[in-house]
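Here is a short tour for anyone who likes to see a fold and its charged pairs side by side. Have the viewer open and follow along.

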Amino acid sequence: MSLNEQVPPPPPGQPQYPNFQAPPPPPQQGTSGLAIAGLIFAFVAPLIGFILSFIAIFKTGPGKAKGRGLAVAGTIIGGLFTVIIVVIIVAAGLFVSNSTVADPGCVDGKAAIIKGAEKVDAASLQTTVDELKAAAAKAKHDEVRDAMNTMADDYSQLLNAIKTGNMPDNLEAKISTDVDKVDSLCTIGS
């Protein structure tokens with residue numbers, strides 16, 4: 001049969017159909033860009049990845065775009081990483097709030113000791129004593145407060161020794177020991 005020939009009519013009693021061709025298949029649904037982005041962001045910026053993936057769950061599935069598995073994975077990973085980051089931030093905040101390193105008494109006390117070491121005379125020693133007492137008053141931790149008061153007492157004894165010319169036995173060793181205590185309380189890694 002050539003192309004110019006006509007198709008014979010169907011037998012009587014049969015419906016007549018024109019040359020029937022199957023309809024084209026429906027267009028392929030692509031993978032959801034939102035699901036892909038959500039999964040990627042779940043590793044880079046977990047909260048954003050979680051949100052994008054959560055939205056993608058509703059935009060994917062049967063009759064919709066592909067990528068529901070990616071969206072679910074992005075939601076799980078993004079949510080998990082977000083929780084981990086929150087726990088780390090809370091733990092770090094608790095560490096800093098419980099740490100003596102960030103205690104205002106440490107910050108001000110160490111500054112007073114360092115400044116006082118630049119010039120050792122009666123006036124600068126009195127200034128150091130006053131600043132150490134002020135730092136002790138600002139301290140939030142008892143051990144920092146005690147260390148700053150102890151250092152203020154040491155510097156007061158040193159000031160008295162300069163004024164009277166009478167140095168107490170082992171004052172230098174005591175100051176050194178007390179400075180080490182301040183260092184251990186007020187320096188990271190000591």
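## Overall fold

Helices here are DSSP runs of at least four residues and strands are runs of at least two, numbered from the N terminus. By that count, this predicted model has seven helices and zero strands. Read from the N terminus, the order of elements is α-α-α-α-α-α-α.

## Burial, surface and contacts

The chain has 190 residues, and 28% of them are buried. Its accessible surface is about 12700 Å², with carbon and sulfur atoms contributing 64%.

How do the contacts spread along the sequence? Taking contacts between residues at least 6 apart, 61% join residues at least 24 apart.

## Salt bridges between helices

Side chains of opposite charge can pair when their charged atoms come close. How many salt bridges does the structure hold? There are seven in the structure.

One of them pairs the side chains of aspartate 183 and lysine 110, at 3.6 Å from N to O. Aspartate 183 sits in helix H7 (residues 171-186) and lysine 110 in helix H4 (residues 104-118), so this salt bridge ties together parts that are 73 residues apart in sequence. Both partners are partly exposed: aspartate 183 has a relative accessible area of 32%, and lysine 110 has one of 22%.

Helix H4 also carries lysine 115, whose partner glutamate 131 is in helix H5 (residues 122-138). The side chains of lysine 115 and glutamate 131 meet at 2.7 Å, N to O, and the pair links distant parts of the chain, 16 residues apart. Lysine 115 is partly exposed at 43% relative accessibility, and glutamate 131 is partly exposed at 26%.

## A pair within one helix, and a network

Turn next to helix H6 (residues 142-164), where arginine 145 and aspartate 142 both lie. These two form a salt bridge whose closest N and O atoms are 2.6 Å apart. They are three residues apart, about one turn of the helix. Are these partners buried or exposed? Arginine 145 is partly exposed, with a relative accessible area of 26%, whereas aspartate 142 counts as exposed at 54%. The cut-off for exposed is over 50%, which is why aspartate 142 falls in that class.

Finally, which residues are linked in a network of salt bridges? They are Asp154, Lys174 and Asp178, a good trio to select in your viewer.

How values were computed: Residues numbered from 1 in each chain as written. Predicted model: local features only at pLDDT ≥ 70, side-chain atom pairs only at ≥ 80, totals over all residues. Heavy atoms only, no water. Buried < 20%, exposed > 50% of the residue type's maximum accessible area, 1.4 Å probe, protein only. Contact = heavy atoms within 4.5 Å. Areas by Shrake-Rupley, 256 points an atom, 1.4 Å probe, with all protein chains shown as cover. Salt bridge = Lys/Arg side-chain N within 4 Å of Asp/Glu carboxyl O.
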